[in-house]
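Please open the model in your viewer and keep the selection panel at hand. The stops below are meant to be taken in order, each beginning with something to select.

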Amino acid sequence: MITSFIGKGVVITELLKNAVTGVNIIPTALLGVVLLYWIIVIIGAFDFDFLDVDIDIGADNSGPFYAILAFLNVGELPFMLIVSIFILNFWIISMLIYYLPFVAVGGLLNGILLIPAMIISIFLTKYETIPLKGIFKYSNMQDNKDKQVLEQLCILMCDVKDGRLGQAKIKRDGASIIINVKSEYEEESFNKDEAAFVSRKDTNKDIYYIVKLDL
């Protein structure tokens with residue numbers, strides 16, 4: 001029993017060493033951020049505002065980025081849940097690379113192999129999240145979100161102009177709601193921190209359209 005305990009301790013020590021060696025620090029750091037996120041959510045002290053990021057996404061939302069989001073069931077399940085599962089898969093696969101006899105831990109080949117590890121993680125995440133659709137019933141969650149967003153005031157988190165997409169937040173008690181927005185009229189432009197009115201939603205694209213406030 002003592003020998004078995006020592007053996008397990010050696011394995012854990014090697015795993016921890018491998019996790020922070022060379023390029024492996026990347027998936028390990030991502031996993032650490034995800035774990036911290038869920039710990040803060042569980043204790044109820046999380047405020048989404050500090051995660052606000054200014055994003056100016058191109059107007060062509062049929063590109064590879066949106067294809068990946070659709071493939072991963074984003075829109076049917078909470079975004080952070082999908083991200084968390086993906087990063088966990090990515091970390092596990094990157095740690096399993098350690099057992100390949102021709103790969104030096106943290107070396108160049110190890111780093112190159114993180115690319116197929118990421119691709120495999122995307123496919124694993126896709127099929128692991130399929131059973132969760134019924135459990136979370138995210139469509140009902142989305143309906144509740146729409147009621148809190150439509151015909152409300154939002155604050156732009158980045159400039160929105162020339163028919164491009166951006167992000168805005170709906171302030172409320174507790175966590176703010178972050179939404180993807182686009183100007184209802186292409187000739188109208190919005191500046192960061194400007195207030196706007198949410199007029200309608202494109203359900204297929206998950207985009208909310210905004211208009212200028214009548215002053």
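What follows is a tour of a predicted model, from the overall layout to single residues.

**The whole chain**

Begin with everything displayed as a cartoon and coloured by secondary structure, where you should find 7 helices and 5 strands. Followed along the sequence, these elements come in the pattern α-α-α-α-α-α-α-β-β-β-β-β. If you then colour by accessibility, 35% of the 215 residues of the protein count as buried. Among the contacts in the protein with a separation of 6 or more, 65% are made by residues 24 or more positions apart.

**Helices α2 and α4**

Next, select residues 25–42, which form helix α2, together with residues 79–96, which form α4. In general, a pair of packed helices is described by the angle between the axes and by the distance between them. For α2 and α4 the angle is about 145° and the axes lie 9 Å apart, while the crossing of α2 and α4 is left-handed.

To see the contact itself, show side chains on both helices: α2 brings Pro27, Thr28, Leu30, Leu31, Val34, Tyr37 and Trp38, and α4 meets these with Met80, Leu81, Ser84, Ile87, Leu88, Phe90, Trp91, Ser94 and Met95. Coloured by class, the residues of the contact of α2 with α4 divide into 13 nonpolar and 3 polar, with no charged residue.

**The second largest pocket**

Keep α4 on display and add α3 (64–71) and α5 (108–129), since each of these three helices supplies at least two residues of the lining of the second largest pocket. This pocket has a volume of about 270 Å³, and 14 residues line it, of which Ile68, Leu72, Phe79, Val83 and Phe86 are the closest to its centre. Which helix gives the most to the lining of this pocket? The answer is α4, with 6 residues. By class, the lining of the second largest pocket has 14 nonpolar residues and neither polar nor charged ones.

**Ser121 and Phe71**

Stay with α5 and select Ser121, which belongs to that helix. Is Ser121 buried or exposed? Its relative accessible area is 0%, so Ser121 is buried. With neighbours within four places in sequence left aside, Ser121 is in contact with Phe86, Asn89, Phe90 and Ile93. Two of the names in that list have come up before: Phe86 at the pocket and Phe90 in the contact of α2 with α4.

Now move to Phe71, whose place is in helix α3. Phe71 has a relative accessible area of 27% and is therefore partly exposed. A distance label from Phe71 to Phe123, C-alpha to C-alpha, should read 8.6 Å, although the two are 52 residues apart in sequence. Not counting residues up to four places away in sequence, Phe71 touches Ile122, Phe123 and Lys126.

**Leu150 and Arg172**

Go on to the loop between α7 (138–149) and β1 (153–156), where you can select Leu150. Leu150 is partly exposed, at 31% relative accessible area. The C-alpha atoms of Leu150 and Ser199 are separated by 6.2 Å, with their positions 49 residues apart along the chain. Beyond residues up to four places away in sequence, Leu150 touches Val198, Arg200, Lys201 and Tyr208.

Then select Arg172, found in the loop between β2 (166–170) and β3; with a relative accessible area of 41%, Arg172 is partly exposed. Outside its neighbours within four places in sequence, Arg172 is in contact with Gln148 and Ile177. The C-alpha atoms of Arg172 and Gln148 are 9.1 Å apart in space, the residues being 24 apart in sequence.

**Asp193 and Leu213**

For the next stop, select Asp193 in the loop between β3 (177–183) and β4 (195–202). Most residues other than glycine have a negative phi. The phi of Asp193, however, is near 75°, a positive value. Asp193 counts as exposed because its relative accessibility is 56%, and the cut-off for exposed is over 50%.

Finish with Leu213, in the segment after β5 (207–211), which is partly exposed at 31% relative accessible area. Neighbours within four places in sequence aside, Leu213 is in contact with Leu153, Ala195, Ala196 and Phe197. From C-alpha to C-alpha, Leu213 and Phe197 are 6.1 Å apart, and in sequence they are 16 residues apart.

Technical notes
Residues are numbered from 1 along each chain as its sequence is written. This is a predicted model: local features need pLDDT of at least 70, side-chain atom pairs count only at pLDDT 80 or more; totals for chains, interfaces and linings use all residues. Side-chain values use heavy atoms; hydrogens and water are left out. On a 1 Å grid over the protein atoms alone, a cavity is a set of points where a 1.4 Å probe fits but cannot get out, and a pocket is an open set with protein on both sides within 12 Å along at least five of seven lines; lining residues have an atom within 4 Å of a point. Grid points are joined across faces, edges and corners, and a volume is the space filled by probe spheres set on the points. Helices (H or I, at least four residues) and strands (E, at least two) are DSSP runs, numbered from the N terminus. Ala, Val, Leu, Ile, Met, Phe, Trp, Tyr, Cys and Pro count as nonpolar, Asp, Glu, Lys and Arg as charged, and the others, Gly among them, as polar. Axes are lines fitted to C-alpha atoms, for helices over the stretch in contact, and angles run from 0 to 180 degrees between N-to-C directions. A crossing is left-handed if the near helix is turned anticlockwise from the far one by less than a right angle, and right-handed if clockwise. Contact means heavy atoms within 4.5 Å. Buried means under 20% relative accessible area, exposed over 50%, partly exposed in between (1.4 Å probe, protein chains only).
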